[in-house]
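User: Please take a close look at one part of this model, the packing of its helices and strands, and follow it through to the surroundings of the ligand. I would like the cut-off behind each term given as it comes up.

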Amino acid sequence: MYMNKLIENLNSRGFEAVYVENKDEARKSINNAIESGASVGFGGSMTCVEIGVQEMLKERGCEIYGFGHYDAEDLYLKAHTSDWYISSANAICETGEIINIDGRSNRIGAIVSGPKNVIIIVGKNKITANIIAGIDRARNIAAPMNAARLNRNTPCKVTGKCENCNSPEKICHNTLIQHHPSYGSRVIVIVVGESLGF
Ligand code: SF4
């Protein structure tokens, strides 16, 4: 079964991967991992919004730095130096790599060199066969939908696919392919058997 192979390949690369059936189980996994009162940074993950991660952690006294909490002047720095960082991904490959593209790149920076503890939550709709298919998904599915969500002036917002633009408002300045966790970094990957985010 491809899900078993995906989890096996992620674990063989040093990620701590688990499969859960649904959002409720995903919430339980995150609750079990993160200590009450911890500081937690986020990017702009719609998956986390759909799961209700921030609300759940706030109830446990966690400090939240991220999407929907833009009151902190030094938000990105605080997210980057939190105890934990939680993000989704634009694609997760059956071969075990995790792919994200980013405009400001605070998210991919935090994932690879920010908090020592990272959680990546990914719905089954983001599973791809390999890196090539993962980058294709990131640029031709995730990016156009995010450009529309953020109302960016990019051609992909209009055409629904990547046009390799140089728009000053482009949302994909950098592409991260995680082959393994960075040195000293613990990366928990929660693969959810539901479609989440885009
Ligand atoms: S390069 Fe431009 S068109 Fe392509 S995904 Fe990025 S923002 Fe959209």
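Analyst: **Helix α6 and the sheets**

Helix α6, made of residues 106–113, lies across strands β4 and β7 and runs at about 130° to β4 (helices are DSSP runs of H or I with at least four residues, strands runs of E with at least two, both numbered from the N terminus; axes are fitted to C-alpha atoms, for helices over the stretch in contact, with angles from 0 to 180 degrees between N-to-C directions). This is a predicted model, in which local features need pLDDT of at least 70 and side-chain atom pairs 80 or more, while totals for chains, interfaces and linings use all residues. Residues are numbered from 1 along each chain, and side-chain values use heavy atoms, without hydrogens or water.

β4 and β7 are neighbours in an open sheet of six strands, whose order is β1-β10-β7-β4-β2-β3 and whose pairing is parallel (pairing needs at least two DSSP bridges). At its edges are β1 (16–20) and β3 (63–65), each of which pairs on one side only, and neighbouring strands of the sheet are turned by 20° against each other on average, direction ignored. The edge strand β3 is joined by three bridges, in the parallel sense, to β2, which spans residues 39–42, and there isoleucine 64 of β3 stands opposite valine 40. Helix α2 (residues 23–33) also packs on this sheet, where it touches β1, β4 (84–87), β7 (117–123) and β10 (186–192), with a direction that makes about 165° with that of β10 (contact means heavy atoms within 4.5 Å).

A second open sheet has four strands in the order β8-β5-β6-β9, and its pairing is mixed; the edge strands here are β8 (127–128) and β9 (174–178), each pairing on one side only. β9 runs antiparallel to β6 (residues 98–102), with five bridges joining the two, and in one bridge leucine 176 of β9 is the partner of asparagine 100. Helix α6 lies across β6 and β9 as well, running at about 140° to β6. Helix α7 packs on this sheet too, touching β5 (91–93), β6, β8 and β9, and its direction makes about 35° with that of β6.

From α7 the description leads on to the ligand. The residues around the ligand include Arg139, Ala143, Pro155, Cys156, Cys162, Glu163, Cys165, Lys170 and Cys172 (a heavy atom within 4 Å is required). Two or more residues of this shell come from α7 (131–149), and two or more from α8 (155–159).
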